[in-house]
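Biologist: Hi! Could you pull up the model so we can walk through it together?
Modeller: Happy to, here it comes.

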Amino acid sequence: MVQGEDNEYYLRRMYDGTRNKAGCLFIDYENAPFTDRNTVIYGHNLLDGSMFSELTGYREQDYYEAQPDMLLATPDGGYIVEVFAAFVASPGEAGEDISPWMIGWEDDGAFADWLDAAVDRSLIQTGVMVESGDRVLTLSTCINNGRDRFIVMGRLVPAQ
């Protein structure tokens, strides 16, 4: 996973900068990865089943129940990602209070409202409780020929 100076560079480049239409997974350029309240990772939804194509399985409750958690390994340690929401979002939501790509909030109450809005939009029911003291991972991929985004959100829990 990489992070660039903007959210365009790695859409069509590999981690080493080599041009490639598949690009690579990358963290939002404005993020302080895994220390911000919400770390956003983008990746393509490829027809060959690679990158973030598996995320769309979270449209179905059965898929979620078979894999309610993900594992995330970073240079600073690992996390269990407890999935709490999965939904379709429009790129037009960027900048709005409900945008899944938000990174900063004015206070704990605004962050809690944002979490509640994500849970309310979810296509799956998880029972995972998220609170204003939690850190979140948001995974974002294109669907519907790029018109929309499929979002999977999880609570970051440091692995023991």
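Biologist: Let's start with β3 and β6: how many bridges join them, and do they run parallel or antiparallel?
Modeller: Strand β3, residues 38-42, and strand β6, residues 136-143, run parallel and are joined by five bridges. Keep in mind that this is a predicted model.

Biologist: Which residue of β6 is the bridge partner of T39?
Modeller: That would be L137. Further along, Y42 has S140 as its bridge partner in β6.

Biologist: And the residues of β3, buried or exposed?
Modeller: Five of the five residues in β3 are buried, so the strand is mostly covered. N38, V40 and Y42 point one way, T39 and I41 point the other way, and all of them are buried.

Biologist: What about β2 and β3, parallel or antiparallel?
Modeller: Antiparallel: β2, residues 26-27, is joined to β3 by two bridges. I27 in β2 has I41 as its bridge partner in β3.

Biologist: Zooming out, what is the strand order in the sheet?
Modeller: The order is β1-β2-β3-β6-β7-β5-β4, in an open sheet of seven strands with mixed pairing. β1 (2-3) and β4 stand at the edges with a single partner strand each, so one side of each has no neighbour in the sheet.

Biologist: Where do the helices come in along the chain?
Modeller: From the N terminus on, the elements run β-β-β-α-β-β-α-β-β. In total the protein chain has two helices and seven strands.

Biologist: Back to the sheet. How do β4 and β5 pair?
Modeller: They pair in the antiparallel sense over six bridges, with β4 covering residues 69-74 and β5 residues 77-89. The two strands form a hairpin, and two residues lie between them. Within that pairing, A73 stands opposite G78 in β5.

Biologist: How many bridges join β5 to β7?
Modeller: There are 10 bridges there, and β5 runs antiparallel to β7, which holds residues 148-158. As one of the facing pairs, F87 stands opposite I151 in β7.

Biologist: New topic: what is phi for N144?
Modeller: Phi of N144 is near 55 degrees, which is a positive value in a residue other than glycine. For N145, phi is likewise positive, near 55 degrees.

Biologist: Where is N145 found?
Modeller: N145 is in the loop between β6 and β7, and N144 is found in that loop too.

Biologist: Is N145 buried or exposed?
Modeller: N145 is exposed, with a relative accessible area of 75%. N144 has 36% relative accessibility, so it counts as partly exposed; the partly exposed class lies between the under 20% of buried and the over 50% of exposed.

Biologist: How does the overall radius of gyration look for this chain?
Modeller: The protein chain has 15 Å, and a compact globule of 160 residues would be near 15 Å, so the two agree. Along its principal axes, the C-alpha trace spans about 40 × 35 × 35 Å.

Biologist: And what percentage of the residues is buried?
Modeller: Buried residues make up 44% of the 160. As for contacts between residues at least 6 apart in sequence, 56% join residues at least 24 apart.

Biologist: Last ones: what is the accessible surface, and how far apart are the mean positions of the charges?
Modeller: The accessible surface comes to about 8600 Å², and carbon and sulfur atoms account for 48% of it. The chain has 11 positive and 27 negative charges, with their mean positions 10 Å apart.

Terms used
Residues numbered from 1 in each chain as written. Predicted model: local features only at pLDDT ≥ 70, side-chain atom pairs only at ≥ 80, totals over all residues. Heavy atoms only, no water. Pairing = 2+ DSSP bridges. Helix = DSSP H or I, 4+ residues; strand = E, 2+ residues; numbered from the N terminus. Rg over C-alpha atoms; globule rule 2.2 N^0.38 Å. Buried < 20%, exposed > 50% of the residue type's maximum accessible area, 1.4 Å probe, protein only. Contact = heavy atoms within 4.5 Å. Areas by Shrake-Rupley, 256 points an atom, 1.4 Å probe, with all protein chains shown as cover. Lys, Arg positive; Asp, Glu negative; His and termini not counted. Charge placed at Lys NZ, Arg CZ, Asp CG, Glu CD.
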